[in-house]
Each structure stands twice: as structure tokens, then as C-alpha cells.
Amino acid sequence: MSANIIDGKAFALGLRERIAAQVANFVAAAGRKPGLAVVLVGEDPASAVYVRSKGKATVAAGMASFEHRLPADVAQDELLALVDTLNADPAVDGILVQLPLPGHLDELAVTTRIDPDKDVDGFHPVNAGRLATGLEGFVPCTPLGCVMLLKDQLGDLTGLDAVVIGRSNIVGKPMAQLLLKESCTVTIAHSRTRDLSSVVKRADIVVAAVGRAEMVKGEWIKPGATVIDVGINRTATGLVGDVDFAGAASVAGAITPVPGGVGPMTIAVLLRNTLVSAGRREGVAIDEVAL
Ligand SMILES: Nc1nc(=O)c2c([nH]1)NC[C@@H]1CN(c3ccc(C(=O)N[C@@H](CCC(=O)O)C(=O)O)cc3)C=[N+]21
Ligand SMILES: [Mg+2]
């Protein structure tokens, strides 16, 4: 068997076109563009690349992009003051502070300073609580993008066995919540899980978000399973995921590649969340089902 390769890049492009169409409707109704503010602290080259591609995608969708670059040694108070300014700015619908932050800065303090109703990353504890409780809020972009790919691939997910490997607040935990909402039977595995290969072997859906290059082996995958690889690891041989792609692709029913799988979805969903935020803030209807 040879897996269907899930083209996240193509799916993300289609999503971005549907977003752009609704951005045009929003602009006509509200008389302004949806606005996304991105804050980058320091000069980490990988972060700078992501921030640049976010800015380009934002403008391409017809939205306003506000980029704020602060020096690596910026004081905590100064960063918090910028967040306060963005919270109060009516042209800003979404705020993203690029993580990780330099070590002297308190990521939780910064994340919790963002107005939960502008928190398009969905990292604020209020939004984590809303997701866990079934309330309207913002869902973290990467897991929401993964669910979109899964539903596109599999249709209804009800009753499927899903294993999420990784328990981070930004991917693993919200991913598990979303799969539960889709009525999957969800297992969260992590670095302390015993006999991980047997746990993975049961799964119809495997989501790998551990941050360890090619850690999930092809022999662990149930034949025909759908494998979503969230990992982005830079190695001597280039960019690889958390899954041994060649091994898994020979047994899986479908699998996301790295690059070109989950990564492009993250940015597209960020634009989606920004548009949804703008609609809520201005009382303009956004057709989320059509996105
Ligand atoms: N507050 C915050 N929110 C984030 O969403 C956030 C963040 N901080 N910090 C960094 C991570 C990483 N991230 C990615 C976005 C797009 C790709 C992406 O488009 N990747 C492409 C290209 C990969 C490449 O060539 O580098 C792909 O996988 O095909 C990857 C990673 C968002 N992050
Ligand atoms: Mg973990």
C-alpha cells in the first residue's frame, strides 16, 4: 500500500482564496480591512521567515498587516505596553506575539495580556477554557488546520480512534479537544507513555506533535491510518517531520508531508481567525461554514 499524500499547501491556498472573498464582503460592509498585528522580538532567522510569510499572506488576503519588531533585549514592561496599545487599537482585530520569546521575557504574562477577543493564536487561557467548555472563542491555528485536513480526507470522524502524540498547550491539548468535539475516541500520548508503538498501532488517526525528528516509525502505523505530521525539524539533511515519512507512507492510507502539509495550514487558519474576529467585532456576518 502507498499512502495518499495530503497536499496541505494546495488546501491552504484554496482556504486563503475563500477567505479573501469574504474579506472583500467584510470591507464593503464595515468600511475597513480586517487587521492583524504581529510582534517579533529579536532576530531569530526562522521566526523572521515565518513573520514575513504571515505578513505577505495577510496582505494577499486583502487584510491590513501591522508588523512590530522589538530588540531582543526589550524590557518586559515595554512589550506589555505594546500589547496594551494593540488591545486598544480599533484597527487591530488580531494580535500575535511570535513565540518563543527571549529567555528574560515571561511568555505567560505576555500571552495573558492579549485581549482574549483579539487572541487569534488561541493561546490565552480564556480561549483554552472556551474550547474545553464548548464556548465560542479562538482555536489555535495548527490544530484547527489539522482537523480541516482530516475532515477533507475522511469526512465524518465520529467513532474513530485518534492518538495525539504530544501534550503542549499550543498543539497537543487543543488538538485532543478538537478531535473529542468531532466524537473521536482520543488518546493523548507523550514522552512518558509506556509502549508508545502499541498505543499508536490502535489509531485510525495519528497526530504527531512531539518535536523530535522522525520519531514515529512506519511499523507503528496501522495499515490505512491517516497520519498528520505537525513536526518541523531542521536537520543536516533538511526539513523533516516527527514521522519517518518513507516508512509511514508505505503503510498509511494518507499522510501529510513536511514541508507542504500542516505548516501552510497554520498561516491560512491565522487569516481565518483574524477575519472571524473582525466580523465579531464589527457585527458583520462571516460565513464560517463556507471557509
Ligand atoms: N505566536 C505564535 N504563533 C504561531 O503560530 C507560531 C509561533 N508563534 N512561533 C513559531 C511557530 C511556527 N509556525 C509556523 C507557521 C508556518 C509554517 C509553514 O508555513 N511552514 C512551511 C514551510 C516550512 C519552511 O520551509 O520553513 C511548510 O511546512 O510547508 C511553519 C511554522 C507558526 N508558529
Ligand atoms: Mg510533549
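Me: A residue is buried if 20 or more other C-beta atoms lie within 10 Å of its own, and exposed if 12 or fewer do. Why is glutamate 214 called buried or exposed in this predicted model?

Reply: Glutamate 214 has 21 other C-beta atoms within 10 Å. The cut-off for a buried residue is 20 or more, so glutamate 214 is called buried. Its place is in the loop between β7 and β8.

Me: What makes the backbone of glutamate 214 worth a remark?

Reply: Glutamate 214 has a positive phi of about 50°, although it is not a glycine. Aspartate 195 also has a positive phi of about 50°, and aspartate 195 is not a glycine either.

Me: Why is aspartate 195 called buried or exposed?

Reply: Aspartate 195 has 9 C-beta neighbours inside 10 Å. A residue with 12 or fewer is exposed, therefore aspartate 195 counts as exposed. This residue is found in the loop between β6 and α8 (196-201).

Me: How do you know whether glycine 166 is buried or exposed?

Reply: The count for glycine 166 is 23 other C-beta atoms within 10 Å. Because the limit for a buried residue is 20 or more, glycine 166 is buried. Glycine 166 lies in the loop between β5 and α7 (172-181). An unreviewed UniProt entry carries the annotation "binding site" for Gly166, Arg167, Ser168 and Ile232.

Me: What makes β5 and β7 a pair of strands?

Reply: Two strands pair if at least two bridges are found between them. Strand β5 (residues 161-165) and strand β7 (residues 205-208) are joined over four bridges, in the parallel sense, so the condition is met. Within this pairing, valine 163 has valine 206 of β7 as its bridge partner, and isoleucine 165 has alanine 208.

Me: How do you know that β7 also pairs with β8?

Reply: Four bridges join β7 to strand β8 (residues 226-229), and the two run parallel. At least two bridges are required, so β7 and β8 count as paired. One of the links is between alanine 208 and its bridge partner in β8, aspartate 229. As for the side chains of β7, Ile205 and Val207 point one way, Val206 and Ala208 point the other way, and all are buried.

Me: Which strands of the open sheet are called edge strands, and why?

Reply: The open sheet has six strands in the order β1-β11-β8-β7-β5-β6, with parallel pairing. Strands β1 (4-5) and β6 (185-189) are the edge strands, as each pairs on one side only. Strands of a sheet pair through backbone hydrogen bonds, either parallel or antiparallel.

Me: What makes β2 and β3 a pair, and which hand does their crossover have?

Reply: Seven bridges join strand β2 (residues 35-41) to strand β3 (residues 64-70), and these strands run parallel. The requirement is at least two bridges, so β2 and β3 are a pair. Leucine 36 stands opposite serine 65 in β3. From β2 the chain crosses through helix α2 (residues 45-60) to β3, and this β-α-β crossover is right-handed.

Me: Which residues come nearest to ligand 1?

Reply: Of the 16 residues around ligand 1, Gln98, Leu99, Pro259, Gly263 and Thr266 come nearest. The elements that give two or more residues to this shell are β4 (94-97) and α10 (262-282). Helix α10 gives the largest share, four residues.

Me: How do the residues of the shell around ligand 1 divide by type?

Reply: The shell holds eleven nonpolar residues, four polar and one charged. For this count Pro is classed as nonpolar and Gly as polar.

Me: Which domains contribute to the shell around ligand 1?

Reply: The chain is divided into domain 1 (30-120) and domain 2 (141-263), and the shell draws at least three residues from each. The C-alpha centres of the two domains lie 28 Å apart.

Me: Which peptide bonds are called cis, and what are their omega values?

Reply: The bond from leucine 99 to proline 100 is cis, with omega near 0°. Proline 100 lies in the loop between β4 and α4 (107-113). The bond from valine 258 to proline 259 is also cis, with omega near -5°. Proline 259 is found in the loop between β11 (254-255) and α10.

Technical notes
Residues numbered from 1 in each chain as written. Chains lettered and ligands numbered in written order. Predicted model: local features only at pLDDT ≥ 70, side-chain atom pairs only at ≥ 80, totals over all residues. Near = placed C-beta within 6 Å. Domains from an automatic or database assignment. Right-handed = clockwise from strand over helix to strand, strands pointing away. UniProt positions renumbered as here; feature names shortened; annotations may be inferred.
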